[in-house]
Amino acid sequence: MNIFVQQFINFLQLGSIYALNAISFSMVYGIAGLVNFAHGSFFGISMYVLFFISTLLFQLIESTWIVYVIALIGASIVTSLVAVIVEKAAYSPLKNAPKIAVVVSSVGAGMALEYLILNIWGSKAKRMPDLIPNVTFKIADINVPLFKIMIVVIAIVTMIVLTLVIKKTKLGTAMRAVSQDRVAAGFMGIATNRVVSMSFVFGAVLATIAASLYGTAYTIFAYNVGENIIWWSFIAAVLGGIGSIGGSVVGGFIIAGISILAPIVLPVSSYKDIVAFAVLIIVLLVKPTGLLGKKSIEKI
Amino acid sequence: MKQRNAKNTITLNLIVVAVFFAVLIVIKETGIIASSTLLILQYIGIYSIFALGINMVNGYLGVFSLSHAGFMAIGAYSAALSTRYFFMAEWMFPVALIFGGAVAMLVGLLVAIPSFKAKGDYLAIITLGFSLIVQSILQNVRFVGASKGMNNIAKYTNIYWVFAFLLLAIFIVSRFVNSKYGRSLKAIREDQTASMLVSVDVRRNKTIAFGVSAFLIGISGGLISHLLGYTSPSAYGFTNIVDGLVMVYLGGMGSILGSIFGAATWQALVQLLKDLGTWRWVVGGGLLCLIMVIRPKGIFGYMEIKDLIRTAKERLNDRKQGGNTNE
């Protein structure tokens, strides 16, 4: 029973991280209409800036919460700046080019950024300081660390805030309009370029929050941290139906469930990738737009 | 008249091939160029075959597929296994390569099935899944060395085999593209629904395209494993997928010349920037962005040598006529 609950908490933790990442991936896809292969590098940059600011601040300030908030804000600003610069330099000029050109450009940008991190901070693995106080609760004989609960809480709060922003604010309405039809939205007086840039900022901020959660949960990371996590988030986003927030959450939790369950059920733990992909391929063959994706009808 | 033309082009091609191989023999046997340059040339040749294979599906058929790493792994492993157990003699090396290509092709026919229904990014993720499943299986099967991979593969690859198979690949692709099937592929690329309405068999054509593509990629895999003398699953992951995409889209989609040029540029760049250490990936990534911004269709997108000559001639004529009117 104890192990079951522990694993369930691990599942919630991993699911929240994947879901947040999938949403940030999906935001950019839905609004800017491109698969952003540089997103993993944005995640990596957030990770390193968080690490840099928090280790610096822990020498001055003792309260973990204050450090966490300051580091989060600082990292969000830096990552957003990088994201907007990449968008202006590598994506925006290709607005009218074939879609694939932007994908290749994003591959290039992602590679350049990832190795920039390597050259700035070195290839040695880093250890993220505890961003959330290291306290353990005892609920009915089960040890639950505070950070595991906080990860789930922070992820849920972020998702609720994001949904409210998209549903209620003017910017959110503009974003939804642009994701439906960019040209028509432009005719209605929406500054589409600015909205697309804003989607990158949103994506960067979400990636930063996800990075802070990932750093808290797994502490050790290296320059290529973004690569792996971002592929799984991409897969989660596609599985749920890319471009939809609910879909990303569902996809994130399915992928997390597979990664937690597979090592228990299967004899060889590394077969979990095969299972995850098999599920993905079966889902896409049955429902080619993902679980919660909308069906698009092609016009001739 | 037409027949004589065809005969002339065949003899012309044969002469070009003969001269090409004469040059190869001279540079290899006399040792004019350093062995490291020879190695780079072999890499360029192998990755040109690889890029041509990717171009079949991603360029001519216009489907965004990421299955090439899986095909390359299958080709590399089956060719390596066959030279170890069946085709051990060196003269049987081409048989082993074609065997590797054929195994990859059989798998390619299966991978074509999802492409009937899924589209765009969803198909990309399915094919990515295929590549990673192949990698994951190879990492777990003891028989092929699990994650350590296979060592002590006979080093049969030399520059003659590389370029002989490159010429074969060019021949296959150019014949294919100018045939009935190639034209149907272009029709599917431009508009799948419309081409179905004019009774193009979309399923059959997609299957054939995937099969030929996997065959070529499999051969390039066999060549690379026999060049290095070892092969391991880690070589067929994300980096391989990205490398392939870069070479094809850099050179230009739907163009034989583009594939070769893209492979040559990227391999030369990777080798020449070696002195920069890890900075080379920063420079390489930045250059890739820059090239895409300047030429979004790739350097030779949908263009061959004859198209280049024609546009150059047209421009020259325009200039001449412009000069005349001014007088």
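This report walks through a helix, a hairpin and a chain contact in a predicted model.

## Helix 2 of chain B

Let's start with helix 2 of chain B, which runs over residues 35-61 and so counts 27 residues. From its first C-alpha to its last it reaches 38 Å, close to the 39 Å expected at 1.5 Å a residue. Even so, helix 2 of chain B has a kink of about 45°, and the place to look for its centre is Asn55(B).

Most of this helix is covered, with 21 of the 27 residues of helix 2 of chain B buried. Just after helix 2 of chain B comes Gly62(B), where phi is positive, near 75°.

## A hairpin in chain A

Now over to chain A, where strand 2 (residues 136-139) and strand 3 (residues 142-145) run antiparallel and are joined by four bridges. If you would like a pair to find on screen, Thr136(A) stands opposite Pro145(A) of strand 3.

Two residues lie between the strands of this hairpin, and Ala140(A) takes a positive phi there, near 45°.

## Where the chains touch

Chain A and chain B each bring 37 residues to the contact. On the side of chain A that touches chain B, helix 4 (99-121), helix 9 (225-240) and helix 11 (272-286) of chain A each supply at least two residues. Helix 4 of chain A gives the largest share of that side, 13 residues.

What classes of residue make up the side of chain A that touches chain B? There are 29 nonpolar residues, along with five polar and three charged ones.

Conventions
Residues are numbered from 1 along each chain as its sequence is written. Chains are lettered from A and ligands numbered from 1 in the order in which they are written. This is a predicted model: local features need pLDDT of at least 70, side-chain atom pairs count only at pLDDT 80 or more; totals for chains, interfaces and linings use all residues. The expected span of a helix is 1.5 Å times one less than its number of residues. The bend at a residue is the angle between axes fitted to the seven residues ending there and the seven starting there. A residue is buried if 20 or more other C-beta atoms lie within 10 Å of its own, exposed if 12 or fewer, and partly exposed in between; C-beta atoms are placed from the backbone. Two strands pair if DSSP finds at least two bridges between them. Two residues are in contact if their C-beta atoms, placed from the backbone, lie within 7 Å. Ala, Val, Leu, Ile, Met, Phe, Trp, Tyr, Cys and Pro count as nonpolar, Asp, Glu, Lys and Arg as charged, and the others, Gly among them, as polar.
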